[in-house]
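Student: I would like to know how the terms used for this model are justified. Where do we begin?

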Amino acid sequence: MPFVEHADGRGGDNEVPPELAEHGLRRYTARIAAAVGAGAEAAWCEWADAPSAYIALDQRLPNHPDRDAALIWTAERGWAVAMETGCGEDLLITASLSGDVLAAPETVATWLRAVLTGTSSDARRDPSAAVSTDVIRRLADWAGREPSLDGS
């Protein structure tokens, strides 16, 4: 499970159950996939050691038309566009969405269109050491929204 760091350094009675946050992550990922025009079969997410999501894209990056592209998310860094290396190596991040790590689906879709047309700048985000309590609570809020990738 990801480490939850409280701003005041203490644990709390109002901690979010990891299962609820994980369910919210599935729903949030499904909404992002739909907003960018990818089907549920193109999206994957997990809570495990570090919350993350991956959405395979049908489109290619303008400067790398021979490489598969993906939209990836981590709780520490938010959304980024990456390209496959083809050699089983890590993905190469080509652009990162600045601002909220849990950006609205419409915001992610608009930014992705700009990246895919070559009109977006590459904004980098400094990684943090822990997933904030706020991100976990906000993911839990997604659990009450529309259907997720697994239909729950």
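Tutor: We begin with a hairpin, formed by S2 and S3 with 5 residues between them. The model is predicted: local features need pLDDT of at least 70, side-chain atom pairs count only at pLDDT 80 or more, and totals for chains, interfaces and linings use all residues. Residues are numbered from 1 along each chain as its sequence is written, and side-chain values use heavy atoms, with hydrogens and water left out.

Student: How do you know that S2 and strand S3 are paired, and in which sense do they run?

Tutor: Two strands pair if DSSP finds at least two bridges between them. Here 4 bridges join S2 to S3 (residues 52-57), and the strands run antiparallel, so the requirement is met. Within the pairing, alanine 43 stands opposite isoleucine 55 in S3.

Student: What makes a stretch of chain a strand or a helix?

Tutor: Both are DSSP runs, numbered from the N terminus: helices are H or I with at least four residues, strands are E with at least two. The protein chain has 3 helices and 7 strands, in the order β-α-β-β-β-β-β-α-β-α from the N terminus on.

Student: Which side chains of strand S2 are called buried?

Tutor: Buried means under 20% relative accessible area, exposed means over 50%, and partly exposed lies in between (1.4 Å probe, protein chains only). In S2 (residues 43-46) the side chains alternate, with Ala43 and Cys45 buried on one face, and Trp44 and Glu46 on the other face and not buried. S5 is mostly covered, with 6 of its 6 residues buried. For the protein chain, buried residues make up 41% of the 152 residues.

Student: What are the neighbours of S5 in the pairing?

Tutor: S5 pairs with S4 in the antiparallel sense over 6 bridges, and a hairpin of 3 residues joins S4 to S5. There, tryptophan 73 stands opposite tryptophan 79 in S5. S5 also pairs with S6, again antiparallel, over 4 bridges, and valine 81 stands opposite alanine 95 in S6.

Student: Why does threonine 29 count as buried or exposed?

Tutor: Threonine 29 has 0% relative accessibility, so it counts as buried. The residue is in helix H1. A polar atom of its side chain lies 2.8 Å from the backbone oxygen of leucine 25. A polar contact is a pair of N or O atoms within 3.5 Å; within protein, one must be able to donate a hydrogen and the other to accept it, and residues adjacent in sequence count only if both atoms are side-chain atoms.

Student: How does the reach of H1 compare with what is expected?

Tutor: The expected span is 1.5 Å times one less than the number of residues. H1 has 18 residues and reaches 25 Å from its first C-alpha to its last, close to the expected 26 Å. Just after H1, glycine 37 takes a positive phi of about 85°.

Student: How do you know that glutamate 106 and arginine 31 meet in a salt bridge?

Tutor: A salt bridge needs a side-chain nitrogen of Lys or Arg within 4 Å of a carboxyl oxygen of Asp or Glu. The N to O distance of glutamate 106 and arginine 31 is 3.2 Å, so the pair qualifies. Glutamate 106 is in helix H2 (residues 105-116) and arginine 31 in helix H1 (residues 18-35), 75 residues apart. Glutamate 106 has 47% relative accessibility and so counts as partly exposed, as does arginine 31 at 24%.

Student: How many salt bridges does a search of the whole structure find?

Tutor: The search finds 2. In the pair of arginine 138 and aspartate 100, the closest N and O atoms are 2.5 Å apart. Arginine 138 is in helix H3 (residues 133-142), and aspartate 100 is in the loop between strand S6 (92-96) and H2, 38 residues away.

Student: What makes a set of residues a nonpolar core?

Tutor: Its members are buried Ala, Val, Leu, Ile, Met, Phe, Trp, Tyr and Cys residues joined through side-chain atoms within 4.5 Å. The largest one here has 37 residues, with Val36, Leu71 and Trp79 having the most contacts inside it. H2 gives the most to this core, with 6 residues. Contact means heavy atoms within 4.5 Å; leaving aside neighbours within four places in sequence, the contacts of valine 36 include Ile55, Leu57 and Leu71.
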